[in-house]
Amino acid sequence: MEEAVKIGMIAISAALAIGLSAIATAMAQSRIGAAMAGAIAERPELVGSAIILVAIPETMVILGFVVAFIITGLKEG
Amino acid sequence: MIERMAKVEILGLKDVAIDAIDVIHDLGTLHIEDLSERVGQMENKRVTRMEMDPKFADHEATLNNLRSKVGDMIRELSPDVDELSQEDIRREYKALWSDNVETMIARMEKMLSEVERDTRDTVDRKADLMVELSRLEKYAPIMSKVQPLAERVARMQDMASIALIIERKYKAILNYLNEEISKLTDGECEIVASDVDEESTAALIVFNRRYLKQVHDFLAVQDVNQVRLPSDLAKKPIDEAVAEVRARIAQIPAELDEIDSKLSQVTEKYSVKLVASRNAIHDRLEAMDAVPNFAQTDQVFIISGWLPESEVPAMEGALTEKFGSKVVMTVTDIREEHDAEEAPVTLRNIPFVRYFEIIYMLNKYPRYGTVDPTVVFAIFFPIFFGLMVGDMGYGLIIMILGWIVHRKMADKPLANMAGFVMTVGGAFAIFFGALYLEFFGNALMKWLGLIEETASGAEEVKYLIGSSESIIRYPMDRLEGFTLFLGICLIIGFIHMGIGLVIGIVNGIREKNTKHALEKGGLLVCLTGFMLVLGKFGFEWWPSALIIVGALMFIGGIVMGGIGAGMGGVVESVVGVGNIFSYARLIAIGLASVIMANVANDLAGEQFKSGIVGVVIGVLVLVLLHALNIVIGMFSPSIHALRLHLVESFGKFFEPAKYRYEPFRKTGGEE
């Protein structure tokens, strides 16, 4: 029973780590994406910068994923 | 590397100015500097902007007129420009070109009048036929719809009819027309409607002939389209008119084919001449447009610009040979003049690295005098890409696709470069795939029996070399060795960021900007100190002395940053160190990809157990999910590898150039 609770807590923690960071990334990307769409309409040469700028908030979900992966590894510890 | 540039000033007597511009244009190596701003700021009003001779202004207007005529003819004849021989175009260009503008204009006008003579009637006839065909094709379905009713109306002597065409979405207007025309005709009218196609509806209004004028007057003020047949058809009975329309529709394409065949002969005869004329006019006008960038006094003209140092002797030789002492070229020392920032930039890299200049399609060139980081990109981009994709199967497919794009799109620079970069990236993905022993996920490891299921149902890798505890092991499974890979990625990030910071220090020294060098050095010291501290988390045997050294370096780096760039330097040193964690994406993105590949294999594996239908579904699942993973695997790692360069590494030192080197050169018949 105690083991099951532990695994459950680990799973919830990992889900929170990736879920919350994914939501944060999505919010940031939606704003950057909308702003860059407007900027590209005015100056199409900005498309390269747009791709990079949209990719910047992905660091959050990537780190969230890394943390979630480390947390799931705890069940073996 | 950035090509070394020389700044030159060319002075000469005004009577040879136009000829000198032609020589410079022919050589095609000088990036012209616009002198108009400098001339405007001069107190000495003896130097003015160079103005074109009024006679040349007339020529400019004539050339513009010729350009639009040539453009129209090229559009009308639509030759396949890509298929034309560049050699033929160059030969024709030379035949048309003359240093004397008037001679050149006369040659072009003669050629254009020949083209006009041979095409005018044919082109006009073709346009007429196309208009007629389009009109008849519009009538035909409408007439077919109203024909049965119109024939009945025709038999009734006292009845008249009018055909209308209405947009389907406004079909409701027919009820209104019916009510109003009924009032006008005392109820002696009827409207019959039928849809012609998805957009239009044909309607026939039948009414007593004695109300013809009132109905016509009423419809004239309504916003409806009456179908008016061409005058020669309007007087004929509708069945005859319909037959005639159909016959014409069948006949016109043959006539058009005949005209097209005549036009294709004309196109073959003149397309090379027209394209060569277009290029020659472009070059001549460009030379004229350049004139206001130059300066002049009463006697002398002044041209200023940049060219690669290696091209200076050729320019000097050509000017001396043609004009002797009438034109003089001087090379100015850009270090003394502090003009380096204004220097246009062009790069000279070995062929392999040149393809990686694709990064400058997203970014400006590096500033003149700084270090060109294309080599860093050419080394690290494929490594990052390979680390993230890391699958022999995916790498092979990406490499083949990249090579096909590279070969097939030789004339499209962006696609050609991207294809090559993907080919190299694919090769590195195969290399890392071999290290991870991944071939379409864990398919190869399962086939080799290197994955075992434990009692709890979890999967465990059977290592060929070492164990899950050792650093050196084979295969280097990414899922089990996640922490080890995280450490490797951080070390790669340290090297990558470190190289960026070293380049930043070199740039600072080259520009004699000690503070800049100190700021970058501070961040590098901070980063090194941080890595020394971080080592303790990776290895239990890590000496405590190194942790103390690391902590001291970290503090020292902050101080250096502060001395170099004040408070900004302190913040940059601390925050900049955090960028190292961004390199965690190298393992995280790869992990997401391998998990997806394994899921595809597991799903398909389950399906394979349930008979032939299962096998078919399994194959579909495999193909679809792996294809999706490959597409994601091409885009996502590319974008993230780019980001790591542009933000984490280049962001530490990159200073963009103001201008790219764009020499004043003739198309030479290759516009």
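**Hairpin and the strands around β9(B)**

I looked first at the hairpin of chain B, where three residues link β8(B) to β9(B). The model is a predicted one: local features need pLDDT of at least 70, side-chain atom pairs count only at pLDDT 80 or more, and totals for chains, interfaces and linings use all residues. Residues are numbered from 1 along each chain as its sequence is written, while chains are lettered from A and ligands numbered from 1 in the order in which they are written.

I noted how elements are assigned: helices (H or I, at least four residues) and strands (E, at least two) are DSSP runs, numbered from the N terminus. Two strands pair if DSSP finds at least two bridges between them.

I then listed the partners of β9(B). Strand β8 (residues 295–296) of chain B runs antiparallel to β9(B) and is joined to it by two bridges; there B:Q296 faces B:F301. Strand β1 (residues 5–13) of chain B pairs with β9 (residues 300–308) of chain B in the antiparallel sense, over nine bridges. In that pairing I found B:A6 opposite B:L307. Strand β2 (residues 31–32) of chain B is also antiparallel to β9(B), with two bridges, and B:H31 stands opposite B:W306.

**The four-stranded sheet**

I traced an open sheet of four strands in chain B, in the order β5-β6-β4-β7, with antiparallel pairing. β5 (189–195) and β7 (225–226) of chain B are at the edges with a single partner strand each, so one side of each has no neighbour in the sheet. Between β5(B) and β6 (residues 200–208) of chain B I recorded seven bridges, the two strands running antiparallel. B:A193 is opposite B:A203 there.

I also looked at what covers these strands. Helix α6 (residues 173–184) of chain B lies across β4 (159–167), β5 and β6 of chain B, at about 165° to β5(B). Axes are lines fitted to C-alpha atoms, for helices over the stretch in contact, and angles run from 0 to 180 degrees between N-to-C directions. Contact here means that the C-beta atoms of two residues, placed from the backbone, lie within 7 Å.

**A helix pair**

I checked α13 (residues 374–389) and α15 (residues 413–436) of chain B, which pack at about 50° with their axes 7 Å apart. That angle makes α13(B) oblique to α15(B) (angles under 35 degrees count as roughly parallel, over 145 as roughly antiparallel, 65 to 115 as roughly perpendicular and the rest as oblique). On the α13(B) side the contact includes B:F381 and B:L387, and on the α15(B) side B:V421 and B:F428 are among the residues met. By class, the residues of this contact are twelve nonpolar, two polar and no charged. Ala, Val, Leu, Ile, Met, Phe, Trp, Tyr, Cys and Pro count as nonpolar, Asp, Glu, Lys and Arg as charged, and the others, Gly among them, as polar.

**Contact with chain A**

I counted the interface next: 19 residues of chain B and twelve residues of chain A take part. In chain B, α17 (482–510), α20 (585–608) and α21 (611–649) each give two or more residues to the side that touches chain A. The largest share, six residues, is from α21(B). That side of chain B has 14 nonpolar, three polar and two charged residues.

**Chain B overall**

I closed with the whole chain: chain B has 21 helices and twelve strands. Its C-alpha trace spans about 115 × 95 × 50 Å along the principal axes.
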